[in-house]
Amino acid sequence: MATPSHAPVLLDRVVALLAPALQAPGSVYVDCTLGLGGHSEAVLERLPEARVVGIDRDPTALRMSTERLARHGDRFTAVHAVYDELPDVLASLGLDHADAVFFDLGVSSMQLDVRERGFAYAEDAPLDMRMDPTTGQTAADLLNTASASELTRILREYGEEKFASRIAREVVRRRETAPFRTSADLVELLYATIPAPARRTGGHPAKRTFQALRMAVNDELAVLRRAIPASIAAIGVGGRVVVESYHSLEDRLVKRAFAEATRLDVPPDLPFVPEGAEPALRLVTRGAEQADEHEVAENPRAASVRLRAVERVRPAPPPSRPSSPGAVR
């Protein structure tokens, strides 16, 4: 197995956004997408008061990052979990909150670089695409069992593929003869199915389909819908949530969650904000920040990144108590 490369995206800016929340001794930073540990390594080296909890669903990534960060001793803890399990992870470590939470969404460089994982369309490999290869169905399983309508939905929703229905029908037709097993089988179908004029624009014709299958196999959007609110709930006052997205669907979901968390919930014509009605969080970034030309030249993965951050400025309001039976309303 080849040794994968890893270049963290917007590393300096991410650490700068996290730093104000990680100055106190014993402050807790949760890296929800640990990967090879590039962002966590920078936090451990540059923010000496911080303790790092690294979460990843990929056992290989956990093993490699644990070896990489072992010199930091008990300042680093690795946890095998999916990042929407953040509340359970904190509870299992005896922590009642986190001071900073970070997400670097999408497929990691390590997963793309290891041919056997089946994430990349440039090389022939088994169609796996599971971020945790110990559980769940593979991309080949999905292609060989899903209905044409379900495949069409996946390709349209997650890949924004214009030829989704045509590709889905051809997948169903071909699998009757032989099941899909490798990426070459699928790439050949896509070249044959997508019209030539469309293949000449918008990058590799397999890009959107491979992205859609990966997101479906790992249930990425559903996990993210649970994880962002959980991370916002997990941080204490002064805590920050920082997110790097690479896909418009992910970024819209993050943008919506951050907007909801920072929204002022009073009538627009009210001349003042009542005490206690102020939002508990504030936006730290103005819109979504992007990588500059120099970083994109050094690291092409940075071309599509969108970086957002929020900070908790007030304690979360206590949960409303349900009315007791028979109470007068």
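How much accessible surface does the protein chain have, and what percentage of that surface belongs to carbon and sulfur atoms? In this predicted model, the accessible surface of the protein chain amounts to about 16,200 Å², and carbon and sulfur atoms account for 52% of that area. The protein chain has 329 residues, of which 51% count as buried. Its secondary structure consists of 14 helices and seven strands. Turning to contacts between residues at least 6 apart in sequence, 70% of them join residues at least 24 apart.

We can now look inside the model. Rolling a probe the size of a water molecule over the atoms shows where empty space is left. Two cavities of 30 Å³ or more are found in the structure, and the second largest of them has a volume of about 40 Å³. Which residues line this second largest cavity? Its lining is made up of Leu143, Leu151, Leu155, Ile167, Ala168, Val171, Leu186 and Thr209. Two elements, helix H7 (148-159) and helix H8 (164-175), each give two or more residues to this lining. The largest share comes from H8, with three residues. By residue class, the lining of the second largest cavity holds seven nonpolar residues, one polar residue and no charged residue. Thr209 is polar because Thr is not among the residue types that count as nonpolar or charged.

The two helices that feature in this lining also frame a point of interest in the backbone. Glu160 sits in the loop between H7 and H8. Most residues other than glycine have a negative phi. Against that background, Glu160 is worth a look, as its phi is positive, near 50°, in a residue other than glycine. Is the side of the chain at Glu160 buried, partly exposed or exposed? With a relative accessibility of 44%, Glu160 counts as partly exposed, because that class lies between the 20% limit for buried and the 50% limit for exposed.

A second positive phi is found at Asp219, with a value of about 50°, although this residue is not a glycine. Where does Asp219 lie? Its place is the loop between helix H11 (207-217) and helix H12 (220-234). The relative accessible area of Asp219 is 35%, so Asp219 is partly exposed. To bring the backbone picture together, Glu160 lies in the loop between H7 and H8, while Asp219 lies in the loop between H11 and H12.

Methods. Residues are numbered from 1 along each chain as its sequence is written. This is a predicted model: local features need pLDDT of at least 70, side-chain atom pairs count only at pLDDT 80 or more; totals for chains, interfaces and linings use all residues. Side-chain values use heavy atoms; hydrogens and water are left out. Helices (H or I, at least four residues) and strands (E, at least two) are DSSP runs, numbered from the N terminus. Buried means under 20% relative accessible area, exposed over 50%, partly exposed in between (1.4 Å probe, protein chains only). Contact means heavy atoms within 4.5 Å. Accessible areas come from the Shrake-Rupley method with a 1.4 Å probe; for residues, only the protein chains shown count as cover. On a 1 Å grid over the protein atoms alone, a cavity is a set of points where a 1.4 Å probe fits but cannot get out, and a pocket is an open set with protein on both sides within 12 Å along at least five of seven lines; lining residues have an atom within 4 Å of a point. Grid points are joined across faces, edges and corners, and a volume is the space filled by probe spheres set on the points.
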